[in-house]
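Below are my notes on the chain, set out as numbered points. Please read them alongside the sequence and the structure.

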Amino acid sequence: MEEIVEKVAAEKETNSEDQSQVYEPVSMKALLEAGVHFGHQTRRWQPHMKKYIFAQRNGIHIIDLQQTLGLLEKAVHQVAALVAKGGSVLFVGTKRQAQETIVSEATRCGMFYVNQRWLGGMITNWQTINRRITAMRTLEELEAQDAFKRLPKKEAQKKENQLRKLQKYFGGIRDMKSLPSVMIVVDVGKEHIAVAEAKKAQIPVFALVDTDCDPNLVDYPIPGNDDAIRSIKLTLARLADGVIQGVQKRNEIDSEIAKAESDDFGNAYVSDSFGAIGTPNAFTMADDPEDNTDTKTPENLEKNTDNEINSE
């Protein structure tokens, strides 16, 4: 028994250590090492980013990492809160530097992603997109059943190409049943169509915004380098941590609700089964209205006596 208790305590300690590691805030040193502070050339700047620019060096704008740090942690907490309420997240980043990280971080936190071309209408024309996803699933089922092999070679090749194309563009949102509650974007300039659709659908947008982008286009801008792979990885990893934190909080809430409902059901069952003084309300043998037998009638007494005699 003691060994089991020690094992459980060790597991709890390990889990707590893992959670503290997951939710550890990003340090200023980590931002510097990832090159988050490097902006674009001064001639390519967006005037609305002026308040986030610390200085300029050799024709390059330097981003104020103090603001980046604060806005990143604010975004993390907000994402966690939205996910804890049951929201889902869509990661969007189609530029070459972000594609791999978008997939890995979205997969790590169990959310959806678009890392190839953003097709117009993915948000505003969701019904059509959903039909394309259904078509993709149908083709996948046919392929799993080797149905393509029974088709003429040219027709089979056409179906396979169609399936690969659908998987390329819709593979990251294949399990998305409805519009996301949150959109996380890398490079607002490149993903301006996605941002515009999210704004039209009133979906809050969290974005890594470089000095050549307009921060006013998104709800939660995070000033930083959106071209360096390490910068993108650091930012998305921290936001994905917030998503994981929100999912865990949601699971805790669901567990508490389920427990409360179970307790209420148990209390209701007990109150229905027992009276105010703790005795069963169910009919006893003597109180059963269908049992009209009186154990003290002469006939019963005679039977009892006969039984005793026979037993002797």
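1. Aspartate 187 lies in the loop between strand S6 (182-186) and helix H7 (192-200). The model is a predicted one, and in it the phi of aspartate 187 is near 75°, a positive value in a residue other than glycine. The relative accessible area of aspartate 187 is 11%. Buried means under 20%, so aspartate 187 belongs to the buried class.

2. Asparagine 58 also has a positive phi without being a glycine, at about 55°. Its place is the loop between S2 and S3. Is asparagine 58 buried or exposed? With a relative accessibility of 81%, asparagine 58 counts as exposed, whereas aspartate 187 is buried.

3. The loop that holds asparagine 58 is the turn of a hairpin: S2 and S3 are the two arms, with two residues between them. S2 and strand S3 (residues 60-63) run antiparallel and are joined by four bridges. Arginine 57 has isoleucine 60 of S3 as its bridge partner, and alanine 55 has isoleucine 62 of S3.

4. The hairpin is part of an open sheet of three strands, ordered S1-S3-S2 and paired antiparallel. Strand S1 (38-41) and strand S2 (53-57) are the edge strands, each pairing on one side only. From one strand to the next, the twist averages 30°. Strands of a sheet pair through backbone hydrogen bonds, either parallel or antiparallel.

5. On the other side of S3, S1 and S3 pair in the antiparallel sense over two bridges. Which residue of S3 is the bridge partner of glutamine 41? That partner is isoleucine 60, and isoleucine 60 is also the bridge partner of arginine 57.

6. Glycine 93 sits in the loop between strand S4 (89-92) and H4. Its relative accessibility is 0%, so glycine 93 counts as buried. Apart from neighbours within four places in sequence, the contacts of glycine 93 are Ala98, Gln99, Ile102, Val114, Asn115, Val186 and Glu191. Glycine 93 and alanine 194 are 101 residues apart in sequence, and their C-alpha atoms are 9.9 Å apart in space.

7. Two of those contacts, Ala98 and Ile102, are listed among the buried residues of helix H4 (residues 96-108). The buried residues of H4 are Gln97, Ala98, Thr101, Ile102, Glu105 and Ala106. After H4 comes glycine 110, with a positive phi near 70°.

8. Helix H5 (residues 126-144) has 19 residues. From its first C-alpha to its last, H5 reaches 27 Å, close to the 27 Å expected at 1.5 Å a residue. Which residues of H5 are buried? They are Trp126, Ile129, Ile133, Met136, Leu139 and Glu140. These residues lie on the same side of H5, because they cover an arc of only 135° around the axis. An α-helix has 3.6 residues a turn, so residues three or four places apart point the same way.

9. The other side of H5 carries the exposed residues Gln127, Arg131 and Glu141. Helix H6 (153-170) is included in what covers the buried residues of H5. H5 is followed by aspartate 146, which has a positive phi near 60°.

10. Some totals for the chain follow. The chain holds nine helices and eight strands. Buried residues make up 37% of its 312 residues. Of the contacts with a separation of 6 or more, 63% are between residues 24 or more positions apart. The chain exposes about 19,300 Å², and carbon and sulfur atoms supply 51% of that area.

Terms used:
Residues numbered from 1 in each chain as written. Predicted model: local features only at pLDDT ≥ 70, side-chain atom pairs only at ≥ 80, totals over all residues. Heavy atoms only, no water. Buried < 20%, exposed > 50% of the residue type's maximum accessible area, 1.4 Å probe, protein only. Contact = heavy atoms within 4.5 Å. Areas by Shrake-Rupley, 256 points an atom, 1.4 Å probe, with all protein chains shown as cover. Pairing = 2+ DSSP bridges. Axes fitted to C-alpha atoms, helices over the stretch in contact; angles between N-to-C directions. Expected span 1.5 Å × (residues − 1). Arc of directions from axis to C-beta.
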